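Welcome to my notebook. I opened this structure and looked up a few things, and here is what I jotted down.

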Amino acid sequence: MAKGKILSIKTIVAIGIGSALFVILGRFGSIPTGIPNTNIETTYALLALFALLYGPTAGVLIGLIGHTLKDAIFYGSPWFSWVIASGIVGLVIGLIASRIAIHDGEFGKKEIIRFNIAQIAANAVAWFVVAPILDIAIYAEPANKVFTQGLIAGASNIVTVAVIGTLLAIAYSKTRTKKGSLTKQA
Amino acid sequence: MMNRAVIEFTNFSFQYRAQTEPTLQDINLTIYEGEKVLIVGPSGSGKSTLAHAINGLIPATYPGEISGTLRVMGQDQQELGIAGLSERVGTVLQDPDGQFVGLTVGEDIAFKLENDAVSQSEMTGKVTEAAHAVDIYDFLGASPQELSGGQKQKTTLAGVLVGEVDILLFDEPLASLDPYTGTKTIELIDRVQQQTGKTVIIIEHRLEDVLHRAVDRIIVINEGRIAADLPAAELLSSGLLQEAGIREPLYLTVLKYAGCPITPDIKPEHIETIVLEDAAGKLRDWYLANDEQPEYLDCPPVLELRDLSFGYEKNHPVLHGVSLKLGKGEMVSIAGKNGAGKSTVSKLICGFYRPSSGSILMNGRDIGSDSIKERASRIGFVMQNPNHMISKTMIFDEVALGLKVRGMAESDIEKRVHEVLQVCGLYPFRNWPVSALSYGQKKRVTIASILVLQPEIIILDEPTAGQDYRHYNEMMEFLLGLSKQGITVIMITHDMHLMLEYAQRTIVLADGRKIADDRPERVLSDKAIIHSANLKETSLYRLAERAEIDQSSEFVRRFIAFDREARQG
Amino acid sequence: MKVKMLSYTDLDTPIHRLTGATKLLFFVLWSVSAMITYDTRVLVVMLLFSLFVFKISRVPFQQYAFVLYFILIFFVLNHLAIFLFSPLEGVSIYGTRHDIFHIAGRYTVTWEQLFYQLNIALKYAVVIPMALLFLLTTDPSEFAASLNRIGVNYRIAYSVSLALRYIPDIQRDYENISFSAQARGIDTSRKEKLPTRLKNIAAILFPLILTSVERIDKISTAMELRGFGRGSRRTWYSLRPFTKSDYIALALIILIAAASAVITFYDGSRFYNIFVE
């Protein structure tokens, strides 16, 4: 594996498959919370995990490509401000969290905290700042409307990633543990 | 004329970085230009590692330590690297979906050329030529979702041919194909080799299927070493296959039971070439001597489908009025081409979809209005790929999951899970992570996670796909044990040996209709039905024909019963 | 299970004959123009133009009918939200106030607000026909080649192609996984309490993620063996050559973009104001 290159074959394939997953979960993996107009967007748990597994380049591109394709294929037209926000989520999580050696099975308390700091920072920047500002700049929508929407989306994504994303990362790290120490029990 | 060596292993050993023992040990093997070589071996024998050495995936993708040398086309493997090797060796991998990266057949064939920045006009010509060579030209614009497994494999082969490599390497090419398509694949490989004169290496454990067309040599790998390197006729006449856990062609097993010696002189490598002479008489004697009739158990009915129809879209029905009955403790197989409606039937039984007409009765009661979850406590469904079912990292948790969500008390859960783990032979591993298990063991975990709900019926999609003879045997004996406890076992499968050896009945679907429902040996003797389900005639029928035994299906039945006794005795 | 998605149909119209690269550039510049401008005149002209082009493409209505339903819902909800949050946004933008009728409290319908929301609606509407056209008339096979041609790194372009290739496979996996999870009693519907629901979702996603990671390994191995990514460039089997109509289309979009920018910023404001006395 060419680890040195930013765009190794594995990263490229991860971007492709990650984007396809983003599309499918974005369309089918949206689960109602019971609070009106607020859904658990499981696709952001996936985005966070892939940014953690495959790094910031994969993170930003899965966010951009996945979100564009999802909007385009199912809803006819991409909503650019949110597409860019998704890219930022992947980028920031990748930048802060990708040094975690999750492939070697390392995901304890320290790493969980680091991952969650990364995802909270990423979602906060993307949904509390970038998405609303772009909505105002591009679509001239009312400020109080877009900031409220950003707040709801950001908060719900933070919770989604904190719970589902963390659970998935822990589970993934457990599949990577060394096998040598195992013994059969009678 | 002595051909030049294209692959030379000299005292070659390889140890994966994460393992404590070398996977390949002291391999000495030379393959010459234009040869067709078959490499067989059970799972974990190191045969795939050998393939990865030839195409450069070790050490590039799977790191580890190499000792000794491997020269490919006269150059050192490590100096060539994966890039240099890919110019000389073209690999057809076993998973057709992982290798088919293009959006259409044409693009996928062109993939290597695109990467080499070949001009578009040159590319078009080469793609056309390769597509004709494998007979996929009419599908150049088709997407992978529109193709069958065999068509995907043809595309992959064409994609390798455009690279103008010297060596074609097939890594378990039959693993995901039905019997008929498998036969066609072996014929295609043979034709391509004769037309191009390239060196062909086939890695497989389905020996009899590969021998449908002649090979120059068979190399048996066992426990990381070369256990045999012989022409087919000599290998089949030796006892080396049994020692390595590879199943010999079934017609040879019958001949042995009938007391006929297998020697290279009788040309045992193909059912059509084998010289029978006085063996035919011995076979007839054996047939007459083993006329024990089976006891047909009368199973009270558990599940009944009445006139079931269904379509995913309006006006496009995929099932037309299918009716069938299943008895308690019966083992039944369902066969049919892809798209014939096999998986649709099981999804309707489980309640994933609702039939457009007809009804499903369980113990005489219509279960049409029961939810998926309600049905699941009586009907379990085991998917082909165990990785699609496993949601927990620890074995115990995985098996307990279905009980936990049903709100059972912890102590009861523990008792029930431990019982099931005992039955499935997984009890010693109960505190292991699932990821530490082999593919076959994972499959058992998924079966355990279904059995823990104590279903009356269990449906399995290709229960033995991708498993070697030993694992096949273990899995099937285990399922047989379940059926003896009164659980009805439904198997969706293409595997004809499995049907013959374990199913009491075989149901065949074609174009959404039931076209056969009978004892497997009778179903498999009907050429029209075989054809419509993409199955093929097994060598046993041909042997019966050649020995002039009229009742070929009865001959097959007697063989299976005898074989069962012999293997258990 | 069949779920509707927008997909390409092979027709022979002037729009279909344009290369993917042209249509992609056209769509990008068109969208940027539509984002920048708030000039009602420009937007109306653009909308009429896009509808005209849409008609030329002869895309059958049932190909995209289902999307219109989603768009309509989004449209209505978004406009209600804008009004609820900021009923006098238009008044503050245009600096005048002409009341039509009063509803309750701070909610009064004004001409300024209606005009402002009409502009938002137009901005959104202008992009839709072009986006639909791009998706419905561009062969996905040409997509990666087109991205590469307009300057995107071929590796990234190929990842888009991979995404399109594997969306149907992943959808099938997702369906199978959630079916088998449901059969074991893993419920993600409203019947379960939220914390349980979250845990159950993770139980469905986990096998999907693991098989995807495995799939990534398999595909990268296969691509490595077939020589992907070694050169600094690659060629494309499905690339189509530029023709005269491609150059005409590109000239047209540059003209439109320039004109829309000039008209929009001519008077120093993005907003076209009809309320100036």
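**Where chain A meets chain C**

I started with polar contacts: eight residue pairs, both residues at pLDDT 80 or more, make one across the interface of chain A and chain C. A polar contact is a pair of N or O atoms within 3.5 Å; within protein, one must be able to donate a hydrogen and the other to accept it, and residues adjacent in sequence count only if both atoms are side-chain atoms.

I noted that this is a predicted model, where local features need pLDDT of at least 70, side-chain atom pairs count only at pLDDT 80 or more, and totals for chains, interfaces and linings use all residues. Residues are numbered from 1 along each chain as its sequence is written, chains are lettered from A and ligands numbered from 1 in the order in which they are written, and side-chain values use heavy atoms, with hydrogens and water left out.

Next I looked up salt bridges (a side-chain nitrogen of Lys or Arg within 4 Å of a carboxyl oxygen of Asp or Glu). I found one between chain A and chain C: A:Lys10 pairs with C:Asp217, 3.0 Å from N to O.

I also checked the contact (heavy atoms within 4.5 Å), and 60 residues of chain A and 67 residues of chain C take part.

**A look at chain B**

I saw that the peptide bond from B:Ile58 to B:Pro59 is cis, with omega near 5°.

I then found a positive phi, about 45°, at B:Glu172, which is not a glycine. B:Glu172 is buried at 9% relative accessibility, where buried means under 20% relative accessible area (1.4 Å probe, protein chains only).

Technical notes:
Buried means under 20% relative accessible area, exposed over 50%, partly exposed in between (1.4 Å probe, protein chains only).
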